[in-house]
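Visitor: I'd like to understand how the labels on a structure like this are earned. Could you walk me through a few?

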Amino acid sequence: MKKNVILYVLLVFLIVVNVFFLFNYIGNNSGNNINEPQRNRNFIVKELGFNKAQLEEFKEKSKGHHKTMMRLSDEVKELKDVLFNKLSDDFVDESVIDSISGLICEKEKVKEKEVFYHFKMIQELSNDTQKEKFKTIIMDALRQDEQGQRPPPPRDGEGHRPPPRNP
């Protein structure tokens with residue numbers, strides 16, 4: 001009887017700890033994702049100094065942008081999951097890998113165009129002074145991305161080769 005009581009207490013303890021962990025883990029992730037676009041939106045509005053009319057038009061025109069970007073990101077994640085699940089396959093069909101990679105590229109292309117046209121809309125809303133400030137913000141962001149995100153280009157004769165393929 002003592003053994004069962006100890007096991008039940010331990011089981012209840014583990015369930016409580018797991019529920020607490022999942023609640024904190026899931027709760028913290030979803031909160032950050034929701035606030036991030038709002039923070040970026042507020043940054044642009046604050047930096048450019050939009051007036052009320054510009055702000056209203058900005059809000060109206062950018063309603064679907066966040067949803068579109070989230071949908072496209074989710075689709076890319078799903079495609080990457082499919083692609084990398086192929087790692088465990090004994091035989092890898094290169095045409096399937098090429099097809100999945102091509103689909104990922106198409107989704108990324110659509111995402112980049114969505115970002116471009118969103119920024120274009122912001123620029124069109126702006127007056128001449130705001131356009132100059134916006135150009136500076138975009139150029140600074142691009143320089144920061146280049147410095148912090150991308151590896152240096154390979155030197156002549158160096159580079160990454162693809163892994164050997166199955167015969």
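**Aromatic pairs and a buried histidine**

Guide: Gladly! This is a predicted model, and by the rule for ring pairs the count comes to 3 aromatic pairs.

Visitor: Why is the pair of Phe119 and Phe134 called edge-to-face?

Guide: Their ring centres are 5.8 Å apart and their planes stand at 75 degrees. Centres within 6.5 Å make a pair, and planes over 60 degrees apart count as edge-to-face, so Phe119 and Phe134 earn that label.

Visitor: What makes this pair tie together parts of the chain?

Guide: Phe119 lies in helix 4 (residues 94–125), while Phe134 lies in helix 5 (residues 128–149), so the pair links parts that are 15 residues apart in sequence.

Visitor: How do you know whether Phe134 is buried or exposed?

Guide: Buried means under 20% relative accessible area. Phe134 has 5% relative accessibility, so Phe134 counts as buried. Phe119 has 32%, which lies between the 20% and 50% cut-offs, so Phe119 counts as partly exposed.

Visitor: And why does His65 count as buried or exposed?

Guide: His65, found in helix 3 (residues 63–85), has 17% relative accessibility; that is under the 20% cut-off, so His65 counts as buried.

Visitor: What makes the link between the side chains of His65 and Glu114 a polar contact?

Guide: The pair is joined at 2.9 Å, and the cut-off is 3.5 Å between N or O atoms, so the distance fits. Leaving aside neighbours within four places in sequence, His65 is in contact with Glu114, Val115 and His118.

Notes:
Residues are numbered from 1 along each chain as its sequence is written. This is a predicted model: local features need pLDDT of at least 70, side-chain atom pairs count only at pLDDT 80 or more; totals for chains, interfaces and linings use all residues. Side-chain values use heavy atoms; hydrogens and water are left out. Helices (H or I, at least four residues) and strands (E, at least two) are DSSP runs, numbered from the N terminus. Buried means under 20% relative accessible area, exposed over 50%, partly exposed in between (1.4 Å probe, protein chains only). A polar contact is a pair of N or O atoms within 3.5 Å; within protein, one must be able to donate a hydrogen and the other to accept it, and residues adjacent in sequence count only if both atoms are side-chain atoms. Contact means heavy atoms within 4.5 Å. Rings of Phe, Tyr and Trp (its six-membered ring) pair if their centres lie within 6.5 Å; planes under 30 degrees apart count as stacked, over 60 as edge-to-face and the rest as tilted.
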